[in-house]
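Subject: Structure handover

Hello,

Here is the structure for your work. Please look through it before reading the notes underneath.

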Amino acid sequence: MIKNILLFSCACLITLGIISFSLDTAHSNGAGAPTGNTGSPADNKTCAQVACHPGPATPISEVFTSDVPETGYVAGSTYTITATVSDPALVKFGFQISPQNTAGTLLGTLALVDADKTKFTSSANKYITHKSTGTSFPSHSASWSFAWTAPATGTGDVTFYGAFNFTNNNNNSTGDVIHTSTLTVSESLEAGINEEIDLASLNIYPNPVADQLHLTYYLSNQQPVTISLLNLSGSRITVLTNETQQAGSYNPSFSFDEFATGVYVLELKAGTQSFLRKVVKL
């Protein structure tokens, strides 16, 4: 009888320990989400998982805003990204965000603008998340901002992946809801205005183009010039010109007969700088 009571007591203690561990794991995220829980293709998870928060994670829209212009980001420029969530029934919120490609590579550079409410989850500064002082919002809405410096020319579209925890602040995970959302910003195709090329003389026509594409530009001095055709992902399809050119006016033509109908990017490099322009093939 005594042996049975002892066995029962041990089982109870183990059960309580497991429950306590699960609750403590969920509670510990009040100071920031664990690394790699944005819901991105590479992360492939959020905090909607066993011993953390109830699932599944559901997507929502209109979370992100930014000051990236409609024409797209310019490499090396810094912008402000803001995530705002709200729920009239909930008062505590958390998040994790990371701009990545599908392989999980960080695109651009993140920087804190509100260290009282946000922090990084690792020394690589790949993930930004909430601090405990940035979770409680009696107004039933929360907003976090951070700085993002755009990556190198040719990176193409950048997607910010975010996961967000909506809670009722009842000191356990019951009632928590995990949501995901994304923001995709395009790269400016008219970035890198250069000193070697007289921009006023640069022209590409006709656009859209059916068979022959014409360019006009003026070089202020001798420069190595490369003209390439890229796809919208930034991959080079073909090199149309690769030579050193003397100062003066140029008016080359290129056949587009062999290219399929669609949208391309024409890249003109002179010296160390480049000019990008969308070209539509009919």
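The notes below go from the whole chain to the strands, and then to particular side chains.

Overall

Please keep in mind that this is a predicted model. The chain has 282 residues, of which 39% are buried. Its secondary structure consists of one helix and 18 strands. Taking contacts between residues at least 6 apart in sequence, 65% of them join residues at least 24 apart. The exposed area of the chain is about 14200 Å², and 55% of that comes from carbon and sulfur atoms.

Open sheet

Six strands make up an open sheet in the order β1-β10-β9-β4-β7-β6, and the pairing in it is mixed. The edges are β1 (58-59) and β6 (118-120); each has a single partner strand, so one side of each is left without a neighbour in the sheet. Within this order, β4 (residues 92-100) and β7 (residues 128-130) run antiparallel and are joined by two bridges. Isoleucine 97 is placed opposite isoleucine 128 of β7.

Strands β2, β3 and β8

β2 (residues 64-66) pairs with β3 (residues 78-86) in the antiparallel sense, over three bridges. Threonine 65 has threonine 82 in β3 as its bridge partner. β3 is also joined to β8 (residues 141-149), again antiparallel, by nine bridges. In that pairing isoleucine 81 stands opposite phenylalanine 146 of β8. Phenylalanine 146 also belongs to an aromatic cluster, together with Tyr73, Tyr79, Trp148 and Phe160.

Strand β12 and its partners

β12 covers residues 212-219 and has two unlike faces: Leu213, Leu215, Tyr217 and Leu219 are on the covered face, while Gln212, His214, Thr216 and Tyr218 are on the uncovered one. As general background, side chains in a regular strand alternate between the two faces of the sheet.

Three pairings of β12 are worth going through. β11 (residues 203-205) runs antiparallel to β12, with three bridges between the two. A hairpin of six residues connects β11 to β12, and tyrosine 205 stands opposite histidine 214. β16 (residues 253-255) is an antiparallel partner of β12 as well, over three bridges; here leucine 213 is matched with phenylalanine 254. With β15 (residues 248-250), β12 has another antiparallel pairing over three bridges, in which tyrosine 217 and tyrosine 250 are bridge partners.

Glutamine 245

Both of those tyrosines appear again around glutamine 245. This residue is in strand β14 and has a relative accessible area of 4%, so it counts as buried. Its side chain makes a polar contact of 2.9 Å with the side chain of glutamate 243. Apart from neighbours within four places in sequence, glutamine 245 is in contact with Tyr217, Leu219, Asn221, Gln222, Gln223, Val225 and Tyr250. Of these, Tyr217 and Leu219 are on the covered face of β12.

Salt bridge

How many salt bridges does a search of the whole structure find? The search gives one. Glutamate 267 and arginine 236 form it through their side chains, at 3.3 Å from N to O. Glutamate 267 is in β17 (residues 262-270) and arginine 236 in β14 (residues 236-245), so the pair ties together parts 31 residues apart in sequence. As a general point, side chains of opposite charge can pair when their charged atoms come close. The two ends are not equally covered: glutamate 267 is buried at 8% relative accessibility, whereas arginine 236 is partly exposed at 47%.

Aromatic pairs

The count of aromatic pairs is 10. One of them is phenylalanine 256 with phenylalanine 259, an edge-to-face pair with 5.1 Å between centres and 70° between planes. Both phenylalanine 256 and phenylalanine 259 are buried. Phenylalanine 259 also pairs with tyrosine 264; that pair is tilted, at 6.0 Å centre to centre and 55° between the planes. Tyrosine 264 is buried too, like phenylalanine 259.

Regards

How values were computed. Residues numbered from 1 in each chain as written. Predicted model: local features only at pLDDT ≥ 70, side-chain atom pairs only at ≥ 80, totals over all residues. Heavy atoms only, no water. Salt bridge = Lys/Arg side-chain N within 4 Å of Asp/Glu carboxyl O. Buried < 20%, exposed > 50% of the residue type's maximum accessible area, 1.4 Å probe, protein only. Phe/Tyr/Trp six-rings, centres within 6.5 Å; stacked < 30°, edge-to-face > 60°. Contact = heavy atoms within 4.5 Å. Areas by Shrake-Rupley, 256 points an atom, 1.4 Å probe, with all protein chains shown as cover. Polar contact = N/O pair within 3.5 Å; in protein donor to acceptor, adjacent residues only side chain to side chain. Pairing = 2+ DSSP bridges.
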